[in-house]
Amino acid sequence: MAKNDNAVSGAVGNGNAEKVQPTLNVLAQYVKDLSFESPGAPNSLRGREKAPGININVNVNANPLSEKEFDVNLTLAAKAAFDKEVLFNVELIYGGVFKIDGFPQEHMLPLLFIECPRLLFPFARQIIAEATRNGGFPPLMLDPIDFAQMFQQKMAEDQAAAKVKVS
């Protein structure tokens, strides 16, 4: 046993110890806000020959809680309308607390705005589907979201806005 201890001590003393692996852990997930409205019920529940138009908005926000812990909120809002009649409005703010350790600083924004919402999305999608089903409509099954593309688009918009301010 002393032989193993010496081997470990030697590795640490020589600077040959392995680096700590980067980690991304979900510490908690929660519903921050959930709203479902069906202003025209029960008339809005009747069958229709055409599908309603559905407008979906997605937003991601992240806030530090400590040096290694972050609160990430995924906001999903959907509005279904037929002609000018609103069938339903549903909005969900679904949050997660993440512990991120060992990543280089340049990876933090992609982790917070791509990977964290990617982990939250399946749960938020299920909540939206259940809310619309419980409201008397077929479940709204949101298509997967490309958070990487959303992040790249937001970064491009921010860069363009910064160039306008400089000019």
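This presentation covers the nonpolar core and the salt bridges of one chain. Please note at the outset that the model is predicted.

I begin with the core. The largest nonpolar core comprises 31 residues. Within that core, the residues with the most contacts are Val72, Leu74, Leu76, Phe88, Ile100 and Ile128. Four elements give two or more residues each: the strands β3 (69-82) and β4 (85-101), and the helices α2 (108-134) and α3 (147-166). Of these, α2 supplies the largest share, with 11 residues. As general background, nonpolar side chains in soluble globular proteins tend to be buried together.

Let me take Leu76 as an example. Which residues does Leu76 touch, once residues up to four places away in sequence are set aside? The list consists of Asn57, Val58, Val90, Glu91, Leu92, Phe121, Ala124, Arg125, Ile128, Leu142 and Ile145. One of these partners, Ile128, is also among the core residues with the most contacts. The partners of Leu76 include Asn57, Glu91 and Arg125 as well.

I turn now to the charged pairs. How many salt bridges does a search of the whole structure find? The search returns three.

The pair I would place at the head of the discussion is Asp101 with Lys68, whose side chains meet at 3.3 Å, N to O. This salt bridge links distant parts of the chain, since its two residues are 33 residues apart. Asp101 belongs to strand β4, whereas Lys68 sits in the loop between β2 (53-64) and β3. Are these two residues buried or exposed? Asp101 is partly exposed, at a relative accessible area of 24%. Lys68 is likewise partly exposed, at 33%.

The remaining pairs each lie within a helix. In α2, the side chains of Arg118 and Glu115 form a salt bridge at 3.5 Å, N to O. Arg118 and Glu115 are three residues apart, which is about one turn of the helix. Arg118 has a relative accessibility of 41% and counts as partly exposed; Glu115, at 30%, is also partly exposed.

In α3, Lys154 pairs with Asp158, and their closest N and O atoms are 3.0 Å apart. Why are Lys154 and Asp158 separated by about one helical turn? The reason is that they stand four residues apart in helix α3. Lys154 is partly exposed at 43% relative accessibility, and Asp158 is partly exposed at 37%.

To close, I return to the two helices. Helix α2 carries the salt bridge of Arg118 and Glu115 and also provides 11 residues of the largest nonpolar core. Helix α3 holds Lys154 and Asp158 and gives two or more residues to that core.

Notes. Residues numbered from 1 in each chain as written. Predicted model: local features only at pLDDT ≥ 70, side-chain atom pairs only at ≥ 80, totals over all residues. Heavy atoms only, no water. Core = buried A, V, L, I, M, F, W, Y, C linked by side-chain atoms within 4.5 Å. Buried < 20%, exposed > 50% of the residue type's maximum accessible area, 1.4 Å probe, protein only. Contact = heavy atoms within 4.5 Å. Salt bridge = Lys/Arg side-chain N within 4 Å of Asp/Glu carboxyl O.
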